[in-house]
Amino acid sequence: MENSKIMKEAYASLKGKWGLAIGGNLLFAIISMAVALVGWLTVGEDWGANLTSLIFAPPLAIGMTIFSLNISRDNNPEIDNLFIPFKTSWVNAILAYFMMGVLVAVGFILLIIPGIIVALMFSQVFFIMGEDNEISAYDALVKSMNMMKGYKWKFFRIALRIIGLAILCIFTLGIGFIWLLPYQNVVYAKFYDDIKNNPSFKNQEYIN
């Protein structure tokens with residue numbers, strides 16, 4: 001599916017769900033900032049925010065993928081979707097987040113472009129873990145890597161479109177981000193479903 005069609009379908013999926021989507025994304029942002037603030041105040045300025053974010057941000061991010069996929073698929077999305085991974089895959093979420101962080105950091109240390117490629121390679125990890133709460137962190141990384149074969153440039157281009165919209169939101173004094181963030185997450189959910197359902201990926205032996 002062309003990126004333009006993915007973005008149009010994402011917009012259509014949000015029809016009648018904008019209030020719910022905005023509410024979920026605002027709650028996500030508030031919790032993320034609160035977690036970082038608590039770490040900063042209790043543990044210390046240097047490591048506190050990073051430490052608490054490492055513990056709470058990964059499962060919350062997976063919860064956002066579940067929430068966004070349910071909006072995209074019109075599958076009874078609920079705010080409670082954000083908290084599902086805290087019950088099902090908390091440890092695996094942290095491990096995946098840590099492993100991705102290390103690999104992306106190594107890529108950027110080598111050169112900027114390898115870092116971007118690695119980030120694109122593992123861009124689907126949280127969506128994969130959102131759909132399969134029993135998959136290990138390592139297997140999720142491997143599955144994302146295989147899933148993104150031939151699609152990294154496509155994802156990069158759709159991300160550039162989102163960045164372009166983000167630049168426009170700056171001229172609205174940031175108010176536009178209230179709509180952009182849920183739209184962005186649903187666009188990425190549509191992208192995930194598009195490449196996941198592609199026969200070139202589904203026929204691979206690493207798919208269960």
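# Helices and their packing: a friendly walk-through

Me: In α6, which residues are buried?
Reply: Happy to start here, with the note that this is a predicted model. A residue counts as buried when its relative accessible area is under 20%. In α6, that description fits Gly-115, Val-118, Leu-120 and Met-121.

Me: What covers the buried residues of α6?
Reply: Here we look for parts of the chain in contact with those buried residues of α6. The cover includes three helices, and they are α5, α8 and α9.

Me: Which helix gives the most to the largest nonpolar core?
Reply: Let's begin with the core itself: the largest nonpolar one has 49 residues, and among those with the most contacts inside it are Val-125, Phe-126 and Met-129. Several helices each supply at least two residues of this core, including α1 (3-13), α3 (48-72) and α10 (177-196). With 9 residues, the helix that gives the most is α10.

Me: Which residues does Tyr-188 touch, not counting residues up to four places away in sequence?
Reply: Tyr-188 is a good one to pick, as it is among the residues with the most contacts inside the largest nonpolar core. Leaving out residues up to four places away in sequence, Tyr-188 touches Phe-127, Phe-155, Ile-158, Ala-159 and Ile-162.

Me: Is α1 parallel, perpendicular or oblique to α10?
Reply: Two packed helices are described by the angle between their axes and the distance between the axes. The axes of α1 and α10 come within 9 Å and cross at roughly 120°. Because of that angle, α1 is oblique to α10.

Me: How many nonpolar, polar and charged residues are in the contact of α1 with α10?
Reply: From α1 come Ile-6, Met-7, Glu-9, Ala-10, Tyr-11 and Ser-13. They meet Tyr-183, Val-186, Val-187, Lys-190, Phe-191 and Asp-194 in α10. Sorting the residues of this contact gives 8 nonpolar, 1 polar and 3 charged.

Me: Is Asp-74 buried or exposed?
Reply: Try finding Asp-74 in the loop between α3 and α4 (85-88). Asp-74 has a positive phi of about 55° although it is not a glycine. A relative accessible area over 50% counts as exposed. Asp-74 has 56%, so the word for Asp-74 is exposed.

Me: What is the relative accessibility of Asn-76?
Reply: Asn-76 is also a loop residue, placed between α3 and α4. Its phi is positive, about 50°, although Asn-76 is not a glycine. Asn-76 counts as exposed because its relative accessibility is 62%.

Notes:
Residues are numbered from 1 along each chain as its sequence is written. This is a predicted model: local features need pLDDT of at least 70, side-chain atom pairs count only at pLDDT 80 or more; totals for chains, interfaces and linings use all residues. Side-chain values use heavy atoms; hydrogens and water are left out. A nonpolar core is a set of buried Ala, Val, Leu, Ile, Met, Phe, Trp, Tyr and Cys residues joined through side-chain atoms within 4.5 Å. Buried means under 20% relative accessible area, exposed over 50%, partly exposed in between (1.4 Å probe, protein chains only). Helices (H or I, at least four residues) and strands (E, at least two) are DSSP runs, numbered from the N terminus. Contact means heavy atoms within 4.5 Å. Axes are lines fitted to C-alpha atoms, for helices over the stretch in contact, and angles run from 0 to 180 degrees between N-to-C directions. Angles under 35 degrees count as roughly parallel, over 145 as roughly antiparallel, 65 to 115 as roughly perpendicular and the rest as oblique. Ala, Val, Leu, Ile, Met, Phe, Trp, Tyr, Cys and Pro count as nonpolar, Asp, Glu, Lys and Arg as charged, and the others, Gly among them, as polar.
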